[in-house]
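Q: Every label on a model should rest on a value and a cut-off. Let us go through the labels here and ask what earns each one.

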Amino acid sequence: MAAGIFHGIDIPFARHCNIEPLGTEPGVCRLRVEVTPDLENNLGIAHGGLVMTMLDISMGIASRTLASGPVMTVDMQTAFLGPARGVLTSEGRVVRHGKSITFSEAEVRNESGELVARSTGVFKAVRPRPGAMEGGD
């Protein structure tokens, strides 16, 4: 699967970060990325922004699978639990889905399966403005 393409949606920033989809199912999204030097911080580990991007996209796409359209992140809380190196995977899951608001959670793990970060998020279903690109997430 191509980097940056998730559930049929092109997310340019994800493509820029080489984040790849592993798969989706209703209420769930899995991603992966290989941490390369250009994605590291000055400590030689994955930049927190990369990890948060994986969490945000995995929760957003998981939410979108139930929302039947674009969603926007309203709130996101993240805890960094360990250094992120090597190949990282994330899984986002819907906790509760309503008509316009979805509550989701996600985790990022390293290739040894150790928990690197965890997040919760609130996502709002949005209607694209006329003439605007259909996307969100």
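A: Start with the word "helix": it means a DSSP run of H or I with at least four residues, numbered from the N terminus. A strand is a run of E with at least two residues. The model itself is predicted.

Q: What comes just after H2, and what phi does it take?
A: Serine 68 follows directly on H2. The phi of serine 68 is positive, at about 60°.

Q: What makes H2 a helix of the expected span?
A: H2 covers residues 48–67, which is 20 residues. The expected span is 1.5 Å times one less than the number of residues. From its first C-alpha to its last, H2 reaches 28 Å, close to the 28 Å expected.

Q: Why is H2 called largely enclosed?
A: Buried means under 20% relative accessible area. In H2, 15 of the 20 residues are buried, so the rest of the structure largely encloses this helix.

Q: Why does threonine 65 count as buried?
A: Its relative accessibility is 18%. The cut-off is under 20%, so the label buried applies. Threonine 65 is found in helix H2. Beyond four places in sequence, threonine 65 touches His7, Thr24, Glu25, Pro26, Gly27 and Val28.

Q: How do you know whether isoleucine 61 is buried or exposed?
A: Isoleucine 61 has a relative accessible area of 0%, so it is buried. Isoleucine 61 is also found in helix H2. Its C-alpha is separated by 12 Å from that of glycine 121, 60 residues apart along the chain.

Q: How many helices and strands does the chain have, and in what pattern?
A: There are two helices and eight strands. Along the sequence they run β-β-α-β-β-α-β-β-β-β.

Q: Why is the chain called as compact as a globular protein of that length?
A: The globule rule is 2.2 Å times the number of residues to the power 0.38. For 137 residues it gives 14 Å. The radius of gyration is 14 Å, close to that value, so the label holds. Along the principal axes, the C-alpha atoms fill a box of roughly 45 × 30 × 25 Å.

Q: What share of the contacts links residues 24 or more positions apart?
A: Among contacts with a separation of 6 or more, the share is 60%. Of the 137 residues, 42% count as buried. About 7300 Å² is exposed, with carbon and sulfur atoms supplying 53% of it.

Q: How many positive and negative side chains does the chain have?
A: The chain has 13 positive and 15 negative side chains. The centres of the two sets lie 9 Å apart.

Q: Why is glutamate 91 called partly exposed?
A: Its relative accessible area is 24%. Partly exposed lies between the 20% cut-off for buried and the 50% cut-off for exposed, so 24% earns that label. Glutamate 91 sits in strand E6, residues 87–97. Leaving out residues up to four places away, its contacts include Arg30, Ser58 and Glu107.

Q: Why is glutamate 107 called buried?
A: Glutamate 107 has a relative accessible area of 15%, and buried means under 20%, so the label follows. Glutamate 107 belongs to strand E7, residues 101–109. Beyond four places in sequence, its contacts include Leu55, Glu91, Arg93 and Arg118. The C-alpha atoms of glutamate 107 and glutamate 91 are separated by 5.6 Å, with the two residues 16 apart along the chain.

Q: What makes valine 94 and Leu66 count as touching?
A: Contact means heavy atoms within 4.5 Å. Valine 94 meets this with Leu66, and its other contacts beyond four places in sequence include Gly27, Ala62 and Phe103. Valine 94 lies in strand E6. Its C-alpha is 9.1 Å from that of glycine 60, 34 residues apart along the chain.

Q: What is notable in the phi of asparagine 18?
A: Phi is near 60°, a positive value in a residue other than glycine. Asparagine 18 lies in the loop between helix H1 (12–16) and strand E3 (20–25).

Q: Why is asparagine 18 called partly exposed?
A: Its relative accessible area is 41%. That is between 20% and 50%, so asparagine 18 is partly exposed.

Definitions and conventions
Residues are numbered from 1 along each chain as its sequence is written. This is a predicted model: local features need pLDDT of at least 70, side-chain atom pairs count only at pLDDT 80 or more; totals for chains, interfaces and linings use all residues. Side-chain values use heavy atoms; hydrogens and water are left out. Buried means under 20% relative accessible area, exposed over 50%, partly exposed in between (1.4 Å probe, protein chains only). Accessible areas come from the Shrake-Rupley method with a 1.4 Å probe; for residues, only the protein chains shown count as cover. Lys and Arg count as positive and Asp and Glu as negative; His and the chain ends are not counted. The place of a charge is taken as NZ of Lys, CZ of Arg, CG of Asp or CD of Glu.
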